[in-house]
Amino acid sequence: MNTPLRILCIGIGNSLRGDDAVGHWLADKIKADALPFVTVQTMHQLHIEVLEQLQQYTHVMVIDAAIQDEPVLLSAIDAQETPSHTESHQADVVTLMQLHRNLYQHPIDWYTLRIAAQQFDMGTAISPTCMQQAEQAFTLWKNWLQQLMNELSL
């Protein structure tokens, strides 16, 4: 029996800090497509309080600004990766994935969609360069989603 496709898209960032808002911006753009199997949330940071709600999803996509060389990078998260850090109410993607897997034994495929960012000044808008890369990220999201739907229909 095939499990129906259910995707949680989480846009991370601070809408008051320039390019850091790009995760929210892209999540809102994805939400505007109103696909019935995609749920979109935005938050300032990942936190462990979301663990229980994850059980209803088959895939999680975390979108965030990143300081990186590549303009846009979509990657699957390997369950064997080492977490970068954990605090009481903040977790990185790998930590959240591993905690969920250990607590609920519910398999979820995890991905990150990172958009290169350079400007994080308080009270500034997303830079034109970052917005251009966010549009590229949206195209990458749509291609990933189409590929996933094609694989599931086989």
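Here is an informal back-and-forth about a predicted model of one protein.

User: Let's begin with the overall layout. What pattern does the protein follow along the sequence?

Analyst: This is a predicted model, so everything here is read from computed atoms. The secondary structure adds up to three helices and five strands. Reading along the sequence, you get the pattern β-α-β-β-β-α-β-α.

User: How much of the protein is buried?

Analyst: A residue counts as buried when its relative accessible area is under 20%. The protein has 154 residues, and the buried share of them is 44%.

User: And the outside: what part of the exposed area do carbon and sulfur atoms supply?

Analyst: The protein exposes about 8400 Å². Of that area, the part supplied by carbon and sulfur atoms is 52%.

User: Among contacts between residues at least 6 apart in sequence, what percentage join residues at least 24 apart?

Analyst: Contact here means heavy atoms within 4.5 Å. Taking the contacts between residues at least 6 apart, the portion that joins residues at least 24 apart is 78%.

User: Which element gives the largest share of the largest nonpolar core?

Analyst: That core has 28 residues, and I7, I30 and W141 have the most contacts inside it. Two or more residues come from each of β1 (7–12), α1 (22–32), β2 (38–43), β3, β5 (109–116) and α3 (128–153). The largest share is eight residues, and the element giving it is α3.

User: Which residues does W141 touch, leaving out those up to four places away in sequence?

Analyst: W141 is one of the residues with the most contacts inside the largest nonpolar core, along with I7 and I30. Both of those turn up again among the residues W141 touches. With residues up to four places away left out, the list is I7, I30, V38, M61 and L113.

User: Apart from the largest core of 28 residues, how many residues does another core have?

Analyst: The other core lies apart from the largest one. Its members include M43, V50, Y57 and I108. Its residue count is 18.

User: Which side chains meet in a salt bridge?

Analyst: Side chains of opposite charge can pair when their charged atoms come close. The salt bridge count for this model comes to one. The N to O distance is 3.8 Å, and the two side chains are those of K29 and E135.

User: How many residues apart are K29 and E135?

Analyst: K29 sits in helix α1 and E135 in helix α3, so the pair links distant parts of the chain. K29 is partly exposed at 26% relative accessible area, and E135 is partly exposed at 35%. Along the chain, they are 106 residues apart.

User: Which backbone oxygen does the side chain of H24 reach?

Analyst: H24 lies in helix α1 and is buried, with a relative accessible area of 13%. Leaving aside neighbours within four places in sequence, H24 is in contact with G11, I12, G13, T42, M43 and H44. At 2.9 Å, its side chain reaches the backbone oxygen of G13.

User: Is Q68 buried or exposed?

Analyst: Q68 is in the loop between β3 (59–66) and β4 (72–76). Past its neighbours within four places in sequence, Q68 is in contact with L73, R114, I115 and A116, and a polar atom of its side chain lies 3.2 Å from the backbone oxygen of R114. The relative accessible area of Q68 is 18%, and the cut-off is under 20%, so Q68 is buried.

User: What about Q105, is that one buried or exposed?

Analyst: Q105 lies in the loop between α2 (93–104) and β5. Its C-alpha atom is separated by 9.3 Å from that of Q55, 50 residues apart along the chain. With 59% relative accessibility against a cut-off of over 50%, Q105 is exposed.

User: What is phi of A34 near?

Analyst: A34 lies in the loop between α1 and β2, and is exposed at a relative accessible area of 60%. Its phi is positive although the residue is other than glycine, and the value is near 55°.

User: How many disulfides are there?

Analyst: A disulfide is a covalent bond between the sulfur atoms of two cysteines. The cysteines here include C9, buried at 0% relative accessibility, and C130, buried at 1%. A pair needs its sulfur atoms within 2.5 Å, and by this rule the count of disulfides is zero.

Definitions and conventions
Residues are numbered from 1 along each chain as its sequence is written. This is a predicted model: local features need pLDDT of at least 70, side-chain atom pairs count only at pLDDT 80 or more; totals for chains, interfaces and linings use all residues. Side-chain values use heavy atoms; hydrogens and water are left out. Buried means under 20% relative accessible area, exposed over 50%, partly exposed in between (1.4 Å probe, protein chains only). Helices (H or I, at least four residues) and strands (E, at least two) are DSSP runs, numbered from the N terminus. A polar contact is a pair of N or O atoms within 3.5 Å; within protein, one must be able to donate a hydrogen and the other to accept it, and residues adjacent in sequence count only if both atoms are side-chain atoms. A nonpolar core is a set of buried Ala, Val, Leu, Ile, Met, Phe, Trp, Tyr and Cys residues joined through side-chain atoms within 4.5 Å. Accessible areas come from the Shrake-Rupley method with a 1.4 Å probe; for residues, only the protein chains shown count as cover. A salt bridge is a side-chain nitrogen of Lys or Arg within 4 Å of a carboxyl oxygen of Asp or Glu.
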